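Please look over the model shown below with its chains side by side. The paragraphs that follow move from a few single residues to the surfaces where chains meet.

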Amino acid sequence: MDFGFSPEQEKFRQEIHEFLENDADAKGAKEEWAAGNGYGPHTWVIMKKLGARGWLTPAWPKEYGGLGLPAMYRALAMEEMDYFTGRGSRGVLCGIGMTGTVLLGHGSEEQKREYLLRISRGEIDFALGYTEPEAGSDLANLSIKAEDKGDYFLVNGQKMFNTACHYAQYHWLGARTQVVEPKYKGISLFIVDLKTPGITIIPIQALGFKTNQIFYDNVKVPKNCLVGELNRGFYYIMEALDHERTYTTSRLNGELEKLIQYAKTSGKSKDPIIRQKLAQLSTEMEIAKLFALRIPWMLDRGMRPTPEAAILKVFYAELQQRVINTAQQILSPYGQLKKDSKWAQLDGEFELEYTASLEGIITRGTCEVMRNIIALRKLGLPAR
Amino acid sequence: MDFSFNEEQEMLRKSARQFLEDECPKKFVRDMEEDEKGYSPELWKRMAELGWMGLLLPEEYGGLGGNFLDLTALLEEMGRALLPGPFLPTTVYSSLPILHYGTEEQKREFLPKIAEGKLIMTLAITEPSGRFDEAGIETKAIRSNNDYLITGTKLLVPDAHIADWFLCAAKEGEGITLFLIDAKTPGINCTLLKTLAADKQCEVILDNAKVPARNILGKSGAGWEIASKIEQWGAIAQCALISGCLQQVLEMTVDYTKERMQFGKLIGSFQAIQHQCADMAIDVDAVKFITYEAAWKLSQKLPATIEVSRAKAWTSDASRRVCLTGHRIHGGLGLTEDHDMQLYFRRAKAMELAFGDGDFHREIVAKELGL
Amino acid sequence: MPINMIVCCKQVPDPEAPPAVFKVAGNKMTLPADVKPVISPYDENALEAALRIKEKTGGKITALSLGNKLVRDVIKKSLAVGADELILLEDEAFEESDSWSTAYALATAIKKIGQYDLIFCGRQAADWDAGQTGLGIAEILGIPAVSVARKVEVTDGKVRIEQVIPDGYEIVEVALPTLITVTSELGDLRYAALKGIMAAAKKQPTVWKPADIGLEPSQVGAAGRHSKLNKLFQPVKEAKCEIIEGDSPEEAGANLAVKLREAKLL
């Protein structure tokens, strides 16, 4: 057992840390990100700078723009980026975490050359295209249809809450290619250029962030945009979700640090109840950090962390709720003041977080679905 | 980062599990609740032969030079088996402080005997104040030539009724001094207390018990530094016990959901049950990691105050949640005395309370955070 | 006189696991990951037999195991309880062995080890329960073999063995070298003491590939099998209940006897 990092790992982390602290574009990117609107011009610049150093995809092979390092390095890079980005950090990005993961395992050589290098250099990103009005937790129920027309696939239907659509270049689309029981056996994955005629993106303002619905009306998708084998999409999705549920705790920890600082300077830390609550959160944060680091540790040993990723997701998302609510209690009446209000405390951060954090318990599989996974896959309880 | 035990620790764990499954079945655990001694000298001897008492001691004192992580692997198995007896009082609470703070003469006197299983010791700190801090000590030590006369009441002293020696904290002037006291010293009176877990905790009354000055452990008046170190070691040892105990509760409960039918279905197929089991599994994983991290820090001789207190705060609370959920899922059956569930439920409470519960340790964490 | 002993220890899935978790598909058995490997229990008895002789007479114990990806903290238990050396025939070529190819590889390795007075095996391995490997080794080495031993003692260059037979045991005396298969009546393997465990963790086993014992991959494992598995299946057990009636208990009894005779059970 070892709960420390090697000198090489610490050096790697420090380099990223210093870059983000000092780079001229980093601050602008942080503001864009915090506004909840996704990538703006500064973000694209900073992504390219990070990409040029291989820091977006340290665990990918060198030939695809990675550094050929163990997954633990990716976790360290993500920790630094999330800590820096703070609020608005969305954890794993679709291009790196989902598209990249699936293409590395199942993509054609042509697809790998076409997309992986550009993803790793920070030039492009993907919008996750899974959720539909009738396919949330029950993802296998998705119905957007992709018909094989010989030369191309013809796609018709609707997606919901596809967050990155307004700034990403590509859609990472899960579509039905066969009507079959069980339903998950008829789903395929596609890469779709979001500028393709027939695609309409309609923005949705959600609590604390911007997202979209997206309509496909007779959209022609070239044959070479099918990823892997036809009707194997759901397996790839599940495989990549274990990666997407990789969280780092650094952003939330940053918020807790601010809260602890606030308690000290405001004198509230003398209150025994507040002391108890903050000590408890700091303990839970440490557990979340260890749960988070278990994922790359397992990946580096060739293990697939499905229930472990579910444990992390539940623990992290529910801890986030506890942090935000404790902050609201400590801030007491000030907690409701928005960022730009007179008298707002801590830059109104916890007012924003109070609503924005709700996404955490829902997205990428609700905490309830995660508990199902833990029960069935880790504990082997009977499905019926 | 490495979350796994090494080969040696895995071998120790397997060997300990097999030994305890054979030698410490639940019938034995129940018998020991009724037994006045509360342990089996025969089993004690065999554990000593396996080298367990000397795990943390260096070879020169008959030990094996193991570290806190090795101990954690062993304690998890003891917690799983609910092994009764004076293992922790003798080793972690007594032999470890002697090793770290004793004179060479004291080490030679006590440690080899402990390693051989020929000496049982225990720690007498807690008093009627029920506190775990320095202010809770009222027992007095008064110097008289080359001896001290010690007077006071110690409570909830584990296994005092069978101990050969006590490590006892007493107030000397304004400071606290630790004394090694022969249990046969005149003026010492030991009474078994009736406890929830039917473990053997005692009241020890010292009435002018005469202790030679050479039996001071560490420096006169500087005993609380040692005592707080012991509390740290004791707390993490309890965490390891709890970890093994809860792992077994989880396994027992999950197994039960796979065989118990209600409404024509296995109860494990109901999501209400599944989600409760998932929450138990999350708690148990968290207990392990937070305990292992603190034990690792101690094994690396790194400062571990906040880690130990985080571990004890979390495991103490988790033990209640996991045992309670275990009981809920076992239903009425788990409430019968014939069922093992209630053994775990009662024992876990004793572990939770030993060396400070969640609230106590959260306050330490708060201090460490600079609050 | 110090005795050179070799004990063959096989790593098998824990036979204590509930039968329902063992699944058969496509003539292969699969196991869930939580069924942990152990040393086959009769092999542990064999190891205990060797340890008792070492205690009494002195000598050297070499544990020998064959397989692939052997779990170190399982197989090194032999070292932890007191074996002096551990040799692993470990390679993917050794996978899917049958009794013959196992015996052949082990015997070839034993020839390479060279010095041996006693070879111990379990009476049968807990995975397939074939019980042929031990005797196969003796046959290939051309040495005597005694099976199902419950007690083994060495005096004056001879081995005295209590061999279990259906209604008791008989005492057999053999000259060295010889091979003995051991049964559970001999007694459980001792527990590993902490000291032994710590020493074992520091020791590395010797690993031999087929080439190291002068064999081709085609002569071992699945390729070297002499037997062919035709069909692997879990027997379906059926129970039927029939009530035998009669006007009086005597008549019911008589009717039962008739039925049993018809079924050729009487």
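In this predicted model, a cysteine of chain B makes a convenient starting place: Cys190(B) counts as partly exposed, since its relative accessibility is 30%. Over all chains the structure holds 0 disulfides, and Cys190(B) accordingly takes part in none, although the sulfur of Cys202(B), which is the nearest cysteine sulfur, lies 3.9 Å away. A disulfide would need the two sulfur atoms to be within 2.5 Å.

Cys239(B) may be set beside that residue. With a relative accessible area of 0%, Cys239(B) is buried, whereas Cys190(B), at 30%, is partly exposed. Its closest cysteine sulfur belongs to Cys245(B) and is 12 Å from the sulfur of Cys239(B), so the two are too far apart for a bond.

Chain A offers a buried residue of another kind. Gly97(A) sits in helix 5 of chain A, which covers residues 94-106, and Gly97(A) counts as buried because its relative accessible area is 0%, where the limit for that class is under 20%. Although 75 residues separate Gly97(A) from Trp172(A) in sequence, the C-alpha atoms of these two residues are 11 Å apart in space.

From here the reader can turn to the interface of chain A and chain B. Here 43 residues of chain A are in contact with 40 residues of chain B, and the two chains bury about 4200 Å² between them, with 66% of that area on carbon and sulfur atoms. Of the area that chain A buries against chain B, 21% is supplied by Met1(A), Phe3(A) and Arg275(A), which is more than any other three residues give.

The polar side of this interface can be followed in the same place. There are 5 salt bridges between chain A and chain B, one of which joins Arg310(B) to Glu286(A), with 3.6 Å between the closest N and O atoms. The interface also has 22 residue pairs in polar contact, counted where both residues have pLDDT 80 or more. On the side of chain A that touches chain B, helix 8 (250-266), helix 9 (272-300), helix 10 (306-331) and helix 13 (367-378) each supply at least two residues, and helix 9 of chain A gives the largest share, 16 residues. Sorted by class, this side of chain A has 23 nonpolar, 8 polar and 12 charged residues.

The interface of chain B and chain C can be read in the same order. Its contact takes 20 residues from chain B and 15 residues from chain C, and the area buried between these chains is about 1600 Å², with carbon and sulfur atoms giving 66% of it. Glu7(B), Met11(B) and Leu64(B) together supply 38% of the area that chain B buries against chain C, more than any other three residues.

Glu7(B) appears again among the charged pairs: of the 2 salt bridges found across the interface of chain B and chain C, one is formed by Glu7(B) with Lys76(C), where the closest N and O atoms are 2.3 Å apart. A further count gives 7 residue pairs in polar contact across this interface, both residues being at pLDDT 80 or more. Helix 1 (7-23) and helix 3 (41-49) of chain B each supply at least two residues of the side of chain B that touches chain C, with helix 1 of chain B providing the largest share, 11 residues. By class, this side of chain B is made up of 7 nonpolar, 4 polar and 9 charged residues.

Terms used
Residues are numbered from 1 along each chain as its sequence is written. Chains are lettered from A and ligands numbered from 1 in the order in which they are written. This is a predicted model: local features need pLDDT of at least 70, side-chain atom pairs count only at pLDDT 80 or more; totals for chains, interfaces and linings use all residues. Side-chain values use heavy atoms; hydrogens and water are left out. Helices (H or I, at least four residues) and strands (E, at least two) are DSSP runs, numbered from the N terminus. Buried means under 20% relative accessible area, exposed over 50%, partly exposed in between (1.4 Å probe, protein chains only). Contact means heavy atoms within 4.5 Å. Buried area is the accessible area (1.4 Å probe) that two parts lose on being put together, summed over both. A salt bridge is a side-chain nitrogen of Lys or Arg within 4 Å of a carboxyl oxygen of Asp or Glu. A polar contact is a pair of N or O atoms within 3.5 Å; within protein, one must be able to donate a hydrogen and the other to accept it, and residues adjacent in sequence count only if both atoms are side-chain atoms. Ala, Val, Leu, Ile, Met, Phe, Trp, Tyr, Cys and Pro count as nonpolar, Asp, Glu, Lys and Arg as charged, and the others, Gly among them, as polar.
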